[in-house]
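Below is a short briefing on one protein model. Please look at the structure first, then read the points by topic.

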Amino acid sequence: MRGNVVELAVAVVVGTAFSKIVDAVVKGFINPMVGAIGTKNLEDYRSCLRGPCEVDPATGEIVSGVPISWGTVLSASLTFLITAAVVYFLMILPMNKYKERQAARNPIVETETGPTEVELLTEIRDALVTQRTGAHDAAVTLGAQRAGVDGGPDSDGAAPDGGVSTRK
């Protein structure tokens with residue numbers, strides 16, 4: 001259990017550091033490339049949802065209207081996709097191949113396991129039914145013996161339990 005916790009902690013730290021690297025690549029490389037292809041940097045792309053959006057020329061801030069900064073969302077989406085692709089191709093895929101090779105080298109010999117839970121419950125049910133049926137049959141036989149019907153005293157006068165019957 002401790003090994004798993006340590007591995008998780010290392011993964012979080014490495015993931016955080018790697019996320020910063022990918023964020024820097026997207027902001028420093030991909031966004032300016034989009035700016036070279038388009039008219040401005042990727043994070044500067046905005047649309048106005050309501051009314052005319054007026055921009056303060058000194059600060060570049062929108063002073064009126066409701067802007068949607070879809071360039072920032074696109075930039076964050078690119079950061080996520082690049083991070084996910086790198087984690088998958090550099091960490092998860094090699095680890096899965098390594099585990100497959102280990103499993104091929106050391107095949108797990110399947111040992112015979114005991115009965116399943118359902119089989120055990122079925123056996124218990126059958127034993128209870130047999131026990132109940134056997135007890136019921138014994139009660140019927142005992143009642144018949146007392147009534148003098150089938151299973152009564154033998155012709156020699158002996159009772160079924162080996163004693164002597166007093167009946168004639």
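Asp-126 and Arg-125 form a salt bridge, in which the closest N and O atoms are 3.0 Å apart. It comes from a predicted model, and a search of the whole structure finds two salt bridges. The points below cover both bridges, then the chain as a whole, a pocket, a nonpolar patch and one strand residue.

**Salt bridges**

- In the bridge between Asp-126 and Arg-125, Asp-126 has a relative accessible area of 37%, so Asp-126 counts as partly exposed.
- Its partner Arg-125 has a relative accessible area of 48%; Arg-125 is therefore partly exposed too, because the exposed class begins only over 50%.
- A salt bridge also joins the side chains of Lys-27 and Asp-23, with a distance of 3.7 Å from N to O.
- Lys-27 and Asp-23 are about one helical turn from each other, because they lie four residues apart in helix 1.
- Lys-27 is partly exposed, with a relative accessible area of 43%.
- Asp-23 has 27% relative accessibility, which means that Asp-23 is partly exposed.

**The chain as a whole**

- The protein chain contains three helices and two strands.
- Along the sequence, these elements follow the pattern α-β-β-α-α.
- The protein chain has 168 residues, and 9% of them count as buried.

**The largest pocket**

- The volume of the largest pocket is about 290 Å³.
- Helix 1 and helix 2 are the elements that give two or more residues to the lining of this pocket.
- With seven residues, helix 1 provides the largest share of the lining.
- Residues lining the largest pocket include Glu-7, Leu-8, Ala-11, Gly-15, Phe-18, Val-87, Met-95 and Lys-99.
- Val-10, Val-14 and Met-91 are also among the lining residues, and these three residues take part in the nonpolar surface patch as well.
- By residue type, the lining has eight nonpolar residues, one polar residue and two charged residues.

**The nonpolar surface patch**

- A nonpolar patch of about 760 Å² lies on the surface, made by Val-6, Val-10, Val-14, Tyr-88, Phe-89, Leu-90, Met-91 and Ile-92.
- The elements that contribute two or more residues to the patch are helix 1, which spans residues 2-37, and helix 2, which spans residues 70-105.
- Which helix gives the largest share of the nonpolar patch? Helix 2 does, with five residues.
- Phe-89, one of the patch residues, is found in helix 2.
- Is Phe-89 buried or exposed? Phe-89 has 52% relative accessibility and so counts as exposed, because the cut-off for that class is over 50%.

**A residue in strand 2**

- Ile-62 belongs to strand 2, which covers residues 62-68.
- Ile-62 has 23% relative accessibility, so Ile-62 counts as partly exposed; buried would mean under 20%.
- Ile-62 and Cys-48 are separated by 14 residues in sequence, and the distance between their C-alpha atoms is 9.7 Å.

Conventions:
Residues are numbered from 1 along each chain as its sequence is written. This is a predicted model: local features need pLDDT of at least 70, side-chain atom pairs count only at pLDDT 80 or more; totals for chains, interfaces and linings use all residues. Side-chain values use heavy atoms; hydrogens and water are left out. Patches are made of residues with over 30% relative accessible area and no salt bridge: like charges are joined within 9 Å, nonpolar side chains (Val, Leu, Ile, Met, Phe, Trp, Tyr) within 5 Å. Accessible areas come from the Shrake-Rupley method with a 1.4 Å probe; for residues, only the protein chains shown count as cover. A salt bridge is a side-chain nitrogen of Lys or Arg within 4 Å of a carboxyl oxygen of Asp or Glu. Buried means under 20% relative accessible area, exposed over 50%, partly exposed in between (1.4 Å probe, protein chains only). On a 1 Å grid over the protein atoms alone, a cavity is a set of points where a 1.4 Å probe fits but cannot get out, and a pocket is an open set with protein on both sides within 12 Å along at least five of seven lines; lining residues have an atom within 4 Å of a point. Grid points are joined across faces, edges and corners, and a volume is the space filled by probe spheres set on the points. Ala, Val, Leu, Ile, Met, Phe, Trp, Tyr, Cys and Pro count as nonpolar, Asp, Glu, Lys and Arg as charged, and the others, Gly among them, as polar.
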